[in-house]
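Open your viewer and get ready to click along. We will go from stop to stop, selecting a few residues each time and looking at what is there.

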Amino acid sequence: MTMHKTGRVSVDAMLEDLRTLVEVESPSRDVEALAASAKAVAGVLEGRLGGQAVLVDSEAGPHVHWSGGGEPRVLVLGHHDTVFPLGTLERRPFAVGGGRVTGPGVFDMLGGLVQAVHGIACLGDPSGVEILVTADEEVGSHTSRALIEERAQACGAVLVVEGAADGGALKTGRKGCGSFHVCIAGRASHAGLEPAAGVNALVEAAHQVLDIAALGRPEAGTTVTPTVASAGTLDNVVPAEASIVVDVRVETADEKERIESAFAALAPHLAEAEITVSGAVGRPPMPEAASAELFALAKELLPSLEGRAVGGGSDGNFTAALGVPTLDGLGAVGGGAHADHEYVLVDTMAERAELVAGLVRAIREQPRPAAR
């Protein structure tokens with residue numbers, strides 16, 4: 001199998017659509033902004049692919065679903081929410097120069113979305129293709145997960161157009177990830193007059209941070225990282241409350257269970273201190289086995305492609321956990337996700353669009369694989 005060179009992918013047209021999406025800012029949790037962004041995404045889908053994009057309302061903002069008709073065979077999965085607050089565009093506007101596209105959200109992940117749309121447009125016949133662009137990926141996909149899983153199972157194969165790994169590598173495996181919140185209740189007292197009458201939530205938090213950090217098993221791919229902590233009110237008051245936020249990444253379901261059990265079993269070191277834990281490893285691990293079939297197809301199209309397991313999670317974690325073949329990192333080639341130097345390499349955009357088109361074509365030509 002070789003890549004079909006259609007010659008119909010226009011980089012200028014992709015840049016035009018990318019500008020349109022970037023200039024409608026779409027920070028997660030801002031439902032009004034996300035409503036405007038969803039309409040812009042729907043406009044691009046309908047303008048390039050025809051048909052009608054359906055806006056699926058949710059508490060997090062509208063998700064956008066488009067279907068090319070026919071028997072569902074492949075789900076192209078992305079999101080239109082970004083991590084950048086309103087006003088970022090004024091400080092860092094969309095720009096093209098020096099071979100790069102810059103602006104908030106170009107790499108994560110509006111560039112990949114635009115590439116996929118243009119690649120599918122070049123097929124001529126989009127039957128069997130569905131596109132789902134969600135509004136809450138950056139904040140856990142709580143309102144979109146059921147829809148993602150439903151459409152993934154209906155289609156039987158998933159192409160995730162998140163940004164590529166370093167050097168343009170596809171993402172063939174991902175760690176499961178989640179966060180935990182540990183809240184500690186102590187008792188306030190005067191730090192000078194009667195410190196012993198209090199229960200110091202900050203001291204208890206210090207014990208808990210060390211206990212929590214010790215849960216990591218780097219040799220098993222498990223990282224447990226306390227990231228945010230707060231405690232206290234005034235410098236002469238024994239803190240009555242403290243909190244700890246913890247980022248967790250795991251490679252296996254067994255480690256997910258171990259970590260969740262360990263957090264549930266956290267116990268106070270100080271008498272009368274109380275601990276409340278919430279959270280979970282919300283995104284299950286994406287094993288490399290889930291991507292093997294689709295990655296083999298991608299390698300036939302572009303033999304130079306590399307695959308890489310990465311630490312970050314995506315909505316592909318959910319679909320892979322269902323046993324649906326899933327390939328990630330098919331989006332833009334660039335870097336700087338979530339950072340001010342975020343960029344996409346212009347000279348890679350056409351090839352990535354054609355890669356998505358080639359994968360869709362190859363999937364439709366094959367018998368539908370049975371879910372594992």
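Start by selecting Met109, which lies in helix 4, the run of residues 106–121. Helices here are DSSP runs of H or I with at least four residues, strands are runs of E with at least two, and both are numbered from the N terminus. Now look at the link just before this residue: the peptide bond from Asp108 to Met109 is cis, with omega near -5°.

A word on what you are viewing: this is a predicted model, where local features need pLDDT of at least 70, side-chain atom pairs count only at pLDDT 80 or more, and totals for chains, interfaces and linings use all residues. Residues are numbered from 1 along each chain as its sequence is written, and side-chain values use heavy atoms, with hydrogens and water left out.

**Stop 1: helix 1 against helix 4**

Keep helix 4 on screen and add helix 1, residues 11–22. The axes of these two helices come within 9 Å and cross at roughly 135°. (Axes are lines fitted to C-alpha atoms, for helices over the stretch in contact, and angles run from 0 to 180 degrees between N-to-C directions.) Helix 1 and helix 4 are therefore oblique to each other. For such labels, under 35 degrees counts as roughly parallel, over 145 as roughly antiparallel, 65 to 115 as roughly perpendicular, and the rest as oblique.

Helix 1 passes helix 4 in a right-handed crossing; that is, the near helix is turned clockwise from the far one by less than a right angle, while anticlockwise would be left-handed. To see the contact (heavy atoms within 4.5 Å), select Ala13, Met14, Asp17, Leu18, Leu21 and Val22 in helix 1, together with Val106, Leu110, Gly111, Leu113, Val114, Gln115 and His118 in helix 4. These divide into 9 nonpolar, 3 polar and 1 charged residues. Ala, Val, Leu, Ile, Met, Phe, Trp, Tyr, Cys and Pro count as nonpolar, Asp, Glu, Lys and Arg as charged, and the others, Gly among them, as polar.

**Stop 2: helix 1 against helix 2**

Next, bring in helix 2, residues 31–49. How do helix 1 and helix 2 run relative to each other? Their axes come within 9 Å and cross at roughly 160°, so the two helices are roughly antiparallel. This crossing is right-handed. Ala13, Glu16, Asp17 and Leu21 of helix 1 meet Ala40, Val41, Val44 and Arg48 of helix 2. In that contact you will find 5 nonpolar, no polar and 3 charged residues.

Now colour the buried residues of helix 2, among them Leu34, Ala40, Val41, Val44 and Leu49. Buried means under 20% relative accessible area, exposed means over 50%, and partly exposed is in between, using a 1.4 Å probe and protein chains only. What covers them includes helix 1, strand 1 (54–56), strand 2 (63–67), helix 4 and strand 6 (129–134). Just after helix 2, click Gly50, whose phi is positive, near 75°.

**Stop 3: helix 1 against helix 10**

Hide helix 2 and show helix 10, residues 349–365. Helix 1 and helix 10 pack at an angle of about 90°, with their axes 9 Å apart. That makes helix 1 roughly perpendicular to helix 10. Val11, Met14, Leu15 and Leu18 of helix 1 touch Met349, Ala350 and Ala353 of helix 10. By class, this contact has 7 nonpolar, no polar and no charged residues.

**Stop 4: helix 5**

Move to helix 5, residues 145–155. Its buried residues are Leu147, Ile148, Glu149, Arg151, Ala152 and Cys155. They pack against strand 1, strand 2, strand 3 (74–79), strand 6, strand 7 (158–160) and helix 9 (316–321). Gly156 follows helix 5, and its phi is positive, near 90°.

**Stop 5: two loop residues**

Select Ser141, in the loop between strand 6 and helix 5. Its phi is near 60°, a positive value in a residue other than glycine. Is Ser141 buried or exposed? Ser141 is buried, with a relative accessible area of 0%.

Finish at His338, in the loop between strand 15 (334–335) and strand 16 (343–345). Phi of His338 is also positive, near 70°. His338 is partly exposed, with a relative accessible area of 44%.
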